[in-house]
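User: I would like to go through this model and ask, for each label attached to it, what justifies that label.

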Amino acid sequence: MGGFTFAQVLVLIIATASMLVVSTANRGGPHWPFRGHDHRFHQPKCEDQGPKKIIVGGSEQWRFNFTYTDWALKNGPFFINDTLVFKYDSRHSVYLLPDLWSFLNCDLSRAKLLGNVTQGGGKGFEYVLQEWKPYYFACGEHDGIHCNLGQMKFFVMPMLRCMV
Ligand SMILES: *[C@@H]1O[C@H](CO)[C@@H](O)[C@H](O)[C@H]1NC(C)=O
Ligand SMILES: *[C@@H]1O[C@H](CO)[C@@H](O)[C@H](O)[C@H]1NC(C)=O
Ligand SMILES: *[C@@H]1O[C@H](CO)[C@@H](O)[C@H](O)[C@H]1NC(C)=O
Ligand SMILES: [Cu+2]
């Protein structure tokens with residue numbers, strides 16, 4: 001099991017679990033029991049939330065040697081129909097990995113190309129999170145080295161917005 005540690009796996013499991021809690025909170029309506037007691041589970045306001053465009057990495061954009069797993073945890077949760085914008089130069093790309101195992105190992109053998117090396121220029125490559133499922137993103141360049149050593153990988157589990 002090269003390429004990741006037990007601690008990394010634990011972080012992933014905890015992150016996924018906490019995202020599920022947030023999604024439950026979204027659907028819980030005004031009677032969600034934690035409301036007003038625990039601000040970590042604050043009920044999102046429904047009125048002013050449409051789909052958003054999020055630049056992956058913020059001002060760092062999509063580059064080698066930036067910890068996107070941390071970025072995703074700090075900037076999430078993301079919601080269904082939000083758009084991720086990948087801005088990058090021609091040394092990078094965007095792939096979707098099929099499962100957690102490929103993600104942890106940076107195994108690109110079954111990955112699907114989303115944005116090629118030229119599509120990150122200008123306004124960037126846009127990808128809409130259309131489904132309620134985990135998405136595993138990685139840079140596909142240099143046979144997984146950008147994914148592995150460069151930490152150019154992260155996953156998101158988009159949530160359902162509260163329906164009003
Ligand atoms: C990656 O970033 C760290 C700290 O930000 C720096 O010390 C290191 O030299 C960088 N490595 C590469 C290959 O850019
Ligand atoms: C996402 O957008 C599509 C197309 O605009 C819409 O049909 C769908 O209901 C939206 N899904 C959610 C969960 O808002
Ligand atoms: C990347 O994709 C765009 C849009 O599909 C295409 O026009 C371009 O030729 C591709 N570039 C490479 C290097 O494959
Ligand atoms: Cu890269």
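Analyst: Let us start with a term needed below: a salt bridge is a side-chain nitrogen of Lys or Arg within 4 Å of a carboxyl oxygen of Asp or Glu. Please keep in mind throughout that this is a predicted model.

User: What makes Asp-99 and Arg-110 a salt bridge?

Analyst: The closest N and O atoms of Asp-99 and Arg-110 are 3.0 Å apart, and the limit is 4 Å, so the pair qualifies as a salt bridge. The pair links distant parts of the chain, with Asp-99 in the loop between E3 and helix H3 (100-105) and Arg-110 in the loop between H3 and E4, 11 residues apart.

User: Why is Asp-99 called partly exposed, and why does Arg-110 count as exposed?

Analyst: Buried means under 20% relative accessible area and exposed means over 50%, with partly exposed in between. Asp-99, with a relative accessible area of 24%, is therefore partly exposed, whereas Arg-110, at 51% relative accessibility, counts as exposed.

User: How do you know that Glu-126 and Lys-53 meet in a salt bridge, and which parts of the chain does the pair tie together?

Analyst: Their side chains come to 2.9 Å, N to O, which again satisfies the limit of 4 Å. Glu-126 lies in strand E5 and Lys-53 in strand E1 (residues 53-55), so the pair ties together parts that are 73 residues apart in sequence. By the cut-offs already given, Glu-126 counts as partly exposed at 36% relative accessibility, while Lys-53, with a relative accessible area of 57%, is exposed. The structure holds five salt bridges, and among them is also the one between Arg-63 and Glu-60, whose closest N and O atoms are 2.8 Å apart.

User: What makes the arrangement around the copper ion (ligand 4) tetrahedral?

Analyst: The copper ion (ligand 4) is coordinated by His-92 (ND1), Cys-139 (SG), His-146 (ND1) and Met-152 (SD), at 2.1 to 2.7 Å, and donors are accepted within 2.8 Å of the metal. The four donor atoms subtend angles of 91 to 133°, and four donors count as tetrahedral if all angles lie between 85 and 135 degrees, so the arrangement is called tetrahedral.

User: Where along the chain do His-92 and Cys-139 lie, and are they buried or exposed?

Analyst: His-92 belongs to the loop between strand E2 (83-86) and strand E3 (94-97), and Cys-139 to the loop between strand E6 (135-138) and helix H4 (145-148), so the pair ties together parts that are 47 residues apart in sequence. Both His-92 and Cys-139 are buried. Along the chain, the donors of the copper ion (ligand 4) follow the spacing H-x46-C-x6-H-x5-M.

User: Why does Leu-114 count as buried?

Analyst: Leu-114 has 13% relative accessibility, and buried means under 20%, so the label applies to this residue of strand E4 (residues 112-115). Buried residues make up 43% of the 164 residues in the chain.

User: Which residues have the most contacts inside the largest nonpolar core?

Analyst: Within this core of 23 residues, those with the most contacts are Trp-62, Phe-86, Tyr-127, Phe-137 and Phe-154. Its largest share, three residues, comes from H2. Apart from it lies another core of 10 residues, including Leu-104 and Ala-138.

Notes. Residues are numbered from 1 along each chain as its sequence is written. Chains are lettered from A and ligands numbered from 1 in the order in which they are written. This is a predicted model: local features need pLDDT of at least 70, side-chain atom pairs count only at pLDDT 80 or more; totals for chains, interfaces and linings use all residues. Side-chain values use heavy atoms; hydrogens and water are left out. Donors are N, O and S atoms within 2.8 Å of the metal (3.2 Å for Na, K and Ca); water is not among the atoms, so sites may look incomplete. Four donors count as tetrahedral if all angles lie between 85 and 135 degrees; four count as square planar and six as octahedral if opposite donors are over 155 degrees apart and all others between 65 and 115; anything else is irregular. Helices (H or I, at least four residues) and strands (E, at least two) are DSSP runs, numbered from the N terminus. Buried means under 20% relative accessible area, exposed over 50%, partly exposed in between (1.4 Å probe, protein chains only). A nonpolar core is a set of buried Ala, Val, Leu, Ile, Met, Phe, Trp, Tyr and Cys residues joined through side-chain atoms within 4.5 Å.
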